[in-house]
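The exercises below are meant to be worked through with the sequence and the 3D view side by side. Try each task before reading its solution.

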Amino acid sequence: MPSSILPFVAEQLLTDIEKSYKERSQLPDDLLIALRSVFGSCALQALDLVDQRSVTCVSSPSGRRVFRVMGGSGQMYTCYTSCHYCPCPAFSMLVLKRNTSLLCKHILAACLCQAMGLSQQEQVSDQDMTRILAGQAHTDL
Amino acid sequence: MADILDAVFRRHGHPTSASSEDKSVLSHSTTECDGSSVVVIGKRGVCSALLFLTAVTAASELGHKVIFYTHTVIQKFPVPVQESMTSLKPDSLKKIKFVYPRSLEELLLDVASLHELGSSAAAAPSLVLVDGLDSYLHGMDGVGRAGAGGPQREEMSATAHLAALLIDTSSFLTRISEKTGDSRCIVKGPAVQCRIIVSYHSDWEAVTTDPKLSVLDRYFPTRCTLVQELRSMAARDESQHEWQVYLSGAGVSGGTANGQQWHLGVRANGAMEFSRTSKSKEPGDSDQQREGV
């Protein structure tokens, strides 16, 4: 998830995770500790989502892609691929309003899945993609 | 984006302040700005006029295909633009598509559907303008958008959603143009980059307290602030106003501390004239300007 918003350290960490996971198919302890250090408790929650294969990379014939993350309550959250946004309450409260977090667990899970190649893949029509992007899709799309 | 504004300012520069080199800047913009997206903040009338002038200039002289979203149906040229329009090509309006979403939901759907044009680079816009984000965000039906929370949090989430969708769409359309080798735009730089310019109508007092503006700053690296001069505000003739134009943020070379400052004069005949002043402080630092953004 290329983004100028994510500070350099976090960006570098995700790059290291991608490289390490390609080589060993697992994450070494030092990277897990770094993840926890940079993202706080959000890191463990995001890793849970990764373990549960909760992240789906949705694409359409136009080539547009978006991440959909199934939250713990079964709610589906749409996260964009080129900048950080999530409709979850934590993002609006901790990231937008209080500015105390870099991102929420859903965005981090999407970043991790992209780095480790662990996201599910799904194809939808261009019209369905439009509704997903606009936040007006039914959850069963 | 700020490179386009920079080009517009130079194109419509005051005759005595704009050199011939500045006048020909449009074919090789010597911009000092490299922002990928801009939010223009100021009073409704001057903001709308600036965006309209930008749309026409970008379409007629920079070769951009433009989409212009606005809540208010445009039935005639804005007064401050009419004189400036005389030197521009009327056919350029054909390259501008005006869209009038009535609600935030309609605007989100319209912007989200732009990827459906992506398979044909010729049909996809290279400049997306949204005039009056505030009119969509203030009137939003935010119930349930951010879960159980205050209306302020819901508005901030809605603001982030719209801004992020615009940026993500811009990124997608840029990728498509790069793949297809689209080279319609004349302006220097990443010639195929799809740009976003939005305006947010606000009074000066609200600029520092409106939480939605801090959200917009997360997504739009360049801020263009229009501050009306005090002596201009005292004038009875509303058609002759003077403004200070501040370009600031990461999208402007020199960073936020040393942005660019322009002067904008709206003349009696409706002409908008820009002249470069100097490196600026942030608006509000000056005793000469205040009020009436």
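**Exercise 1.** Of the 89 residues in the largest nonpolar core, which touch the most other members?

*Solution.* Keep in mind from the start that this is a predicted model. Begin by searching both chains, since the residues that touch the most other members of this core are A:I17, A:F91 and A:L112 in chain A, together with B:Y69, B:L166, B:Y219 and B:F220 in chain B. Next, look at where the members come from: the largest share, twelve residues, is supplied by α7(B). A second, separate core has 36 residues, and B:V46, B:L51, B:W243 and B:W262 are among them. Finally, take B:F220 as an example; leaving out residues up to four places away in sequence, B:F220 touches B:S37, B:V38, B:V39, B:A163, B:L166, B:I167, B:I196 and B:V198.

**Exercise 2.** Describe how helix α4 of chain A and helix α7 of chain B pack, and name the residues that meet.

*Solution.* First locate the two helices, α4 at residues 89-97 of chain A and α7 at residues 151-180 of chain B, whose axes lie 10 Å apart at an angle of about 90 degrees. Angles of 65 to 115 degrees count as roughly perpendicular, and therefore α4(A) is described as roughly perpendicular to α7(B). Then list the contact residues: A:P89, A:F91, A:S92, A:M93, A:L96 and A:K97 on one side meet B:Q152, B:R153, B:M156, B:S157 and B:A160 on the other. Sorted by type, the residues of this contact are six nonpolar, three polar and two charged.

**Exercise 3.** How many of the eight residues of helix α6 of chain A are buried, and what covers them?

*Solution.* Start with the count, which shows that helix α6, residues 126-133 of chain A, is mostly covered, with six of its eight residues buried. These six are A:D126, A:D128, A:M129, A:T130, A:I132 and A:L133. Then look for what lies over them: the cover includes the strands β1, β2 and β3 of chain A, and it also includes α5 and α7 of chain B. As a last step, follow the chain beyond the helix to A:G135, where phi is positive, near 75 degrees.

**Exercise 4.** Is B:Q193 buried or exposed?

*Solution.* Find B:Q193 in the loop between α7 and β5 of chain B. Its relative accessible area is 16%, and a residue counts as buried when this value is under 20%, so B:Q193 is buried. Apart from neighbours within four places in sequence, B:Q193 is in contact with B:S36, B:S126 and B:T174. For chain B as a whole, 57% of the 293 residues count as buried.

**Exercise 5.** Compare the settings of A:S25 and A:R53, each of which has a positive phi although it is not a glycine.

*Solution.* Recall first that most residues other than glycine have a negative phi. For A:S25, phi is about 60 degrees, and the residue sits in the loop between α1 and α2 of chain A. For A:R53, phi is about 50 degrees, and the residue sits in the loop between α3 and β1 of chain A. Now turn to accessibility: A:S25 is exposed, with a relative accessible area of 53%, whereas A:R53 is partly exposed, with a value of 39%.

Technical notes. Residues are numbered from 1 along each chain as its sequence is written. Chains are lettered from A and ligands numbered from 1 in the order in which they are written. This is a predicted model: local features need pLDDT of at least 70, side-chain atom pairs count only at pLDDT 80 or more; totals for chains, interfaces and linings use all residues. Side-chain values use heavy atoms; hydrogens and water are left out. Axes are lines fitted to C-alpha atoms, for helices over the stretch in contact, and angles run from 0 to 180 degrees between N-to-C directions. Helices (H or I, at least four residues) and strands (E, at least two) are DSSP runs, numbered from the N terminus. Angles under 35 degrees count as roughly parallel, over 145 as roughly antiparallel, 65 to 115 as roughly perpendicular and the rest as oblique. Contact means heavy atoms within 4.5 Å. Ala, Val, Leu, Ile, Met, Phe, Trp, Tyr, Cys and Pro count as nonpolar, Asp, Glu, Lys and Arg as charged, and the others, Gly among them, as polar. A nonpolar core is a set of buried Ala, Val, Leu, Ile, Met, Phe, Trp, Tyr and Cys residues joined through side-chain atoms within 4.5 Å. Buried means under 20% relative accessible area, exposed over 50%, partly exposed in between (1.4 Å probe, protein chains only).
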